[in-house]
Amino acid sequence: MARVVVRVPAQAKRGEVIEIRTLAAHPMETGFRRTQLGELIPRDIVRSLVCTYNGVEVFRAELHPAIAANPLIVFTTVATESGTLELHWSGDNGYAATHSAQISVV
Amino acid sequence: MISRRHFLLVLGGFAAAAQAQLDPGRQAQRKAAMEAAVRAVTGGAPVREGKVKLELPPLIDNGNAVPLVVTVESPMSAADHVRAIHVFTERNPQPNVVSAFLGPRAGRARIETRARIADTQTVTAIAQLSDGSFWSDSMHVVVTLSACLEEGLI
């Protein structure tokens, strides 16, 4: 189950820099670990996070196996207009999660 | 008759020799991997120190989730902003940690995440500015319980 937590302020002043905190529930299996029988556990990670603000991309991150399990990403953006912030997580084995948050700019 | 002191000295010598033989090859390999990863980002452009601030706890109890903050001094305007922030490690199995792509709409050049740090090593953050220049900051961290060592335990 793709479970994602996103924290975005519900209201902001125009031009204010807002902080977006997001966390995805994911084991981030590195692909370097082995089972007791010595078989390599295949890699299963979240590879990217894209944030769009009213359809325009404002932030993108590429993740690697060196990101801890349950990847947390905190970034900022300028509150320009009221609308929707959409976060798209995607990863190995068809992992995909989308979360949208509303923000009203006064 | 071999004394205890002499025996321990010889044993210590062997251990040092074994480590000296084992380490350089692997270290060189990891170093080359990191240099290749940095080159893939910079394209051979010079990387200067400064402007970037990498924050990590200097002593890490558990390398499996290490809070990591990168801030870059930048006005983040359309003319002068940070395009990307990359984080690399010297001794993880893979040098890349995270690559973040920002723009003038970020408002502030700051990212925060949690990383796996495999060993006592140097972590480097490199930022690419809109004028094409690269700036970096490095930090040496000591790890007591490293990530990636739980092999065979699951």
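Of the 106 residues in chain A of this predicted model, 31% count as buried. Chain A has eight strands and zero helices, so its pattern along the sequence is a run of β elements, β-β-β-β-β-β-β-β. Along the principal axes, the C-alpha atoms of chain A fill a box of roughly 60 × 20 × 20 Å. Contacts within chain A often link distant parts of the sequence: among those between residues at least 6 apart, 58% join residues at least 24 apart.

**Where chain A meets chain B**

On the side of chain A, 26 residues are in contact with 30 residues of chain B. Two strands of chain A, β5 (56-63) and β6 (72-78), each supply at least two residues to this side. Which strand gives the most to the side of chain A that touches chain B? That strand is β6(A), with seven residues. The table sorts the residues on this side of chain A by class.

| Class, side of chain A touching chain B | Residues |
|---|---|
| Nonpolar | 16 residues |
| Polar | six residues |
| Charged | four residues |

**A sheet built from both chains**

Strand β6(A) also pairs with a strand of the other chain. Its partner is β7 of chain B (residues 110-115), and the two run in the antiparallel sense over two bridges. Within chain B, T113(B) belongs to β7(B), and I73(A) stands opposite T113(B).

This pair sits inside an open sheet of six strands, in the order β1(A)-β3(A)-β6(A)-β7(B)-β4(B)-β2(B), with antiparallel pairing. Which strands lie at the edges of the sheet? They are β1 (3-7) of chain A and β2 (52-55) of chain B, each of which pairs on one side only. With direction ignored, neighbouring strands of the sheet are turned by 15° against each other on average.

**The nonpolar core**

The largest nonpolar core has 56 residues. The members that touch the most other members are I67(A), V70(B), I85(B), V87(B), A115(B), I117(B) and A125(B). The list thus names residues from chain A and from chain B.

What is I67(A) in contact with, leaving aside its neighbours within four places in sequence? In chain A the contact is M28(A), while in chain B the contacts are V97(B), V98(B), T113(B), A115(B) and R116(B). Two of these residues have already been named: T113(B) stands opposite I73(A), and A115(B) is listed with I67(A) among the core residues that touch the most other members.

Conventions. Residues numbered from 1 in each chain as written. Chains lettered and ligands numbered in written order. Predicted model: local features only at pLDDT ≥ 70, side-chain atom pairs only at ≥ 80, totals over all residues. Helix = DSSP H or I, 4+ residues; strand = E, 2+ residues; numbered from the N terminus. Buried ≥ 20, exposed ≤ 12 C-beta atoms within 10 Å, placed from the backbone. Contact = placed C-beta atoms within 7 Å. Nonpolar A, V, L, I, M, F, W, Y, C, P; charged D, E, K, R; others polar. Pairing = 2+ DSSP bridges. Core = buried A, V, L, I, M, F, W, Y, C linked by C-beta atoms within 7 Å. Axes fitted to C-alpha atoms, helices over the stretch in contact; angles between N-to-C directions.
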